[in-house]
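Reader: Could you walk me through one helix in close detail, including what it packs against? I'd like to see how it ties in with the rest of the fold.

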Amino acid sequence: MSENILYNALKTVSQKRKSVRKFKSSKIPPEAIEKIMEIAKTSPYAGGKKDWEIIVVDNSDTIHKLKDIIKKKVEISYAGTKPEFKQMFEDYARYFYSFETAPLILIPVYKNRSGLAYAFLSDPHDVVKLDSDGIIKSIACVSMMIILAAESLGYNTCFVHGACIASDEIISELNIKKNKKVGAIIPVGYAQEDV
Ligand SMILES: Cc1cc2nc3c(=O)[nH]c(=O)nc-3n(C[C@H](O)[C@H](O)[C@H](O)COP(=O)(O)O)c2cc1C
């Protein structure tokens with residue numbers, strides 16, 4: 001039955017997916033990137049407006065630059081950690097740039113929603129926040145669509161949210177409009193054999 005064919009295909013892709021953090025350098029062809037984008041476009045979105053775009057970075061110098069930017073921001077944050085939590089933060093924050101070996105990274109960026117603030121005299125039930133949270137959830141949806149699309153093409157991926165620690169610096173490095181935020185960094189590539 002056709003629904004079982006679709007279900008089984010999705011199950012295969014879902015069960016094959018595991019976060020990968022070390023990649024081979026083999027380039028991703030433009031056709032594969034286009035295919036991933038086709039699926040990304042189908043993602044559901046909150047509030048009747050997409051308010052996001054996907055930035056494609058396949059230049060290894062830029063990818064390494066972004067890693068350096070995040071590493072620097074991690075070091076600045078490290079300085080503010082309590083002594084007894086320094087090691088814990090260091091171990092955790094190593095994962096904030098676990099895209100560094102990938103040949104391709106996809107970066108969902110979004111515009112902060114001002115929310116329905118203009119519509120309320122008072123807002124005891126947090127409707128304004130509910131509305132503005134929608135964009136973060138939309139980013140999670142489109143990120144998952146990207147991940148499943150890339151995985152279905154045989155690539156490996158990871159959802160690197162920690163990269164957002166340097167959102168403003170990344171936006172500035174990539175010359176994107178200042179009012180945008182980084183939603184995640186999704187590396188795409190073939191896993192190194194030893195991971
Ligand atoms: C919201 C979210 C944020 C994540 N952030 C990071 C991250 O910054 N760096 C990283 O290497 N992995 C990150 N991950 C991947 C998780 O570590 C991973 O999905 C989890 O350990 C389960 O492993 P699996 O993906 O291999 O099943 C994130 C996953 C989610 C859903």
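Author: Sure, let's start on the outside of helix 3: the face turned away from its buried side carries the exposed residues D61, K72, E75, I76 and A79. Keep in mind that this is a predicted model. The helix itself runs over residues 60-79, 20 residues in total, and spans 29 Å from its first C-alpha to its last, close to the 28 Å expected at 1.5 Å a residue.

Now flip to the other side. I63, L66, K67, I70 and K73 are the buried residues of helix 3. Seen down the helix axis, they fall within an arc of 130°, so they line one face of the helix. The general background is handy here: an α-helix has 3.6 residues a turn, so residues three or four places apart point the same way.

What does that buried side pack against? Its partners are strand 1 (52-57), strand 2 (104-111) and helix 6 (167-173).

Zooming out to the core, the largest nonpolar one has 38 residues, and those touching the most other members are F99, I105, I146, A163, I185, I186 and V188. Helix 3 is among the elements that give two or more residues to this core, and so are strand 1 and strand 2. Helix 5 gives the most, with eight residues.

For one residue's view of the core, take I185: leaving aside neighbours within four places in sequence, I185 is in contact with F99, I105, I107, V160 and A163. V160 also turns up in the shell around the ligand, along with residues including F159 and H161. That shell divides into five nonpolar, four polar and two charged residues.

Conventions. Residues numbered from 1 in each chain as written. Predicted model: local features only at pLDDT ≥ 70, side-chain atom pairs only at ≥ 80, totals over all residues. Helix = DSSP H or I, 4+ residues; strand = E, 2+ residues; numbered from the N terminus. Expected span 1.5 Å × (residues − 1). Buried ≥ 20, exposed ≤ 12 C-beta atoms within 10 Å, placed from the backbone. Arc of directions from axis to C-beta. Contact = placed C-beta atoms within 7 Å. Near = placed C-beta within 6 Å. Nonpolar A, V, L, I, M, F, W, Y, C, P; charged D, E, K, R; others polar. Core = buried A, V, L, I, M, F, W, Y, C linked by C-beta atoms within 7 Å.
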